[in-house]
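Work through the exercises below with the sequence and the coordinates open side by side. Each task is followed by a solution that proceeds step by step.

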Amino acid sequence: MSEIPYQHLNPPQRVLLGPGPSNIHPRVQMAMLAPIVGHLDPYFITIMEDVVNLLRGLFQTKNKLTFPISGTGSAGMEASFCNFLEPGDVAVIGVNGFFGERMVDIAQRCGAKVVQVTAEWGRIVEPEAIENALKAQRQVKLLALVHAETSTGVLQPLTEASRLAKQYEALFLVDTVTSLGGHEVAVDDWGIDICYSGTQKCISSPPGLAPFTANEKALATMETRARKVQSWYLDLSLLSTYWSASRFYHHTAPISMIYALHEALALIVEEGLDTRIQRHLRHGAALQAGLEAMGLILHAQKGHRLSSLTSVRIPDGVDDLRVRQNLLSQFGIEIGGGLGWLKGKIWRIGLMGYSSSAENILLVLFALEKLLSAEGYQVQPGIGVKSAIQAL
């Protein structure tokens, strides 16, 4: 057998300021080096119990079924739809970006009739449009919204939509992949029935788990299903038995990933959730002040902009890919490009979790100024950094 060529694993150090993943704290990195035990080992069960309780605190919920799904945020999205929708059910879905479109795709694969409530990519889905869609249907099973649209940088208001869902007797499902751990997410107070997230953004744990919670009202609808959930792996009736006192075997949990999540959640508790949210707000405002001082235009609707991820329009004549490649090669910084029809039109700059720091704000503004100047874009030297410092 001929020798198979391979490289020794030696990834470069990066400053991760894109739409995810974010950098992780050294304690989270060390947690993944902890000894492996069995997934039903008594010690690991105590870690599972801790993770469940810590996630309840982060989601701000008392929901019994709260746990991390073994899979990325998209697994959380799929579980949220395939467990609660059956063929013929009506789902009203807000679509103002790439991930709203993904929700539509998954709901349609479940056989649901999907009613899309669309808005321009960069603007919120207005409550009036949501109500019109709910009114027009005889019975809506589920209303779904993306809280933090990663593709556009928009923060979607939820309280009025929740009220409408209750008024029209629909389950309220919310994607909090880019908001949980960096923005306020109050599942119980806001009347959210089903909620999922991802670990690699504001939580600052590696990608691979999807925090999930659902209340008793949502779970009760599963008991009336006419057929089994189409996905065995994501069937909540099976997963719940593993993440409950019975610990009935379902799959081998990703033990090192759950160690990492445990440590990341512990760090959130130590920082204080309110303090953490305020840190993201302060840093997001400082970055946005610096970008605007450089003459750049923020893409997301004013008054509804994420702190954890800022979308900024690429100036005419500036090469999107070249700037991002030079940020990576010259400064070790990753930012994101646009998705869908925004490809080549915006940059997405993330300040999430451990990556959300004053140092990173000043570094990316300094680097962008240098690279934009090289592209022929006129910017007053140091103005972005100076404005960010003033905002901080």
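The exercises treat backbone geometry, a loop residue, a helix, a sheet and the cysteines of what is a predicted model.

**Exercise 1. Backbone geometry in loops**

Task: Find which residues a cis peptide bond joins, and locate the proline in the chain.

Solution: Begin with omega, which is about 5° at the peptide bond between Gly-20 and Pro-21, and this bond is cis. Then place the proline: Pro-21 belongs to the loop that runs between β1 (15–16) and α1 (26–31).

Task: For Gln-60 and Glu-169, state the sign of phi, and decide whether each residue is buried, partly exposed or exposed.

Solution: Take Gln-60, whose phi is near 60°, a positive value in a residue other than glycine. Gln-60 is located in the loop between α2 (42–59) and β2 (65–70), and its relative accessibility of 27% puts it in the partly exposed class. Turn next to Glu-169, which is likewise not a glycine and has a positive phi of about 55°. Glu-169 sits in the loop between α6 (159–167) and β8 (171–175), and with a relative accessible area of 61% this residue is exposed.

**Exercise 2. The surroundings of Gln-137**

Task: Determine whether Gln-137 is buried or exposed, and which residues it touches.

Solution: The position comes before the accessibility: Gln-137 lies in the loop between α5 (127–135) and β5 (142–146). Its relative accessible area is 18%, and because buried means under 20%, Gln-137 counts as buried. When residues up to four places away in sequence are left aside, Gln-137 touches Val-90, Lys-113 and Val-115. With Lys-113 there is also a polar contact between the two side chains, at 3.1 Å.

**Exercise 3. Helix α10**

Task: Compare the span of α10 with its expected value, and say what covers its buried residues.

Solution: Helix α10 comprises residues 273–293, which is 21 residues, and from its first C-alpha to its last it reaches 30 Å, close to the 30 Å expected at 1.5 Å a residue. The buried residues of the helix include Leu-273, Ile-277, His-280, His-283, Leu-287 and Leu-291, and Arg-276 and Arg-279 are also among them. The elements that cover these buried residues include α2, α9 (255–271), β11 (309–313), β14 (346–350), α12 (358–374) and α13 (383–391). Finally, follow the chain just past the helix, where Gly-295 takes a positive phi of about 85°.

**Exercise 4. A three-stranded sheet**

Task: Give the strand order of the open sheet, and state how many bridges join β11 to β14.

Solution: The order of the three strands is β11-β14-β13, with antiparallel pairing. The edge strands are β11 and β13 (336–337), each of which pairs on one side only. Between β11 and β14, which run antiparallel, there are five bridges. Residue by residue, Arg-313 has Ile-346 in β14 as its bridge partner.

**Exercise 5. The cysteines**

Task: Establish how many disulfides the model contains, and examine Cys-82 and Cys-202.

Solution: Apply the cut-off of 2.5 Å between cysteine sulfur atoms, and the count comes to zero disulfides. Cys-82 is in no disulfide, and the nearest cysteine sulfur, that of Cys-110, is 5.7 Å away. Cys-202 is in no disulfide either, with the nearest cysteine sulfur, that of Cys-195, 13 Å away. As to accessibility, Cys-82 is buried at a relative accessible area of 1%, and Cys-202 is buried at 0%.

Technical notes. Residues numbered from 1 in each chain as written. Predicted model: local features only at pLDDT ≥ 70, side-chain atom pairs only at ≥ 80, totals over all residues. Heavy atoms only, no water. Helix = DSSP H or I, 4+ residues; strand = E, 2+ residues; numbered from the N terminus. Buried < 20%, exposed > 50% of the residue type's maximum accessible area, 1.4 Å probe, protein only. Polar contact = N/O pair within 3.5 Å; in protein donor to acceptor, adjacent residues only side chain to side chain. Contact = heavy atoms within 4.5 Å. Expected span 1.5 Å × (residues − 1). Pairing = 2+ DSSP bridges.
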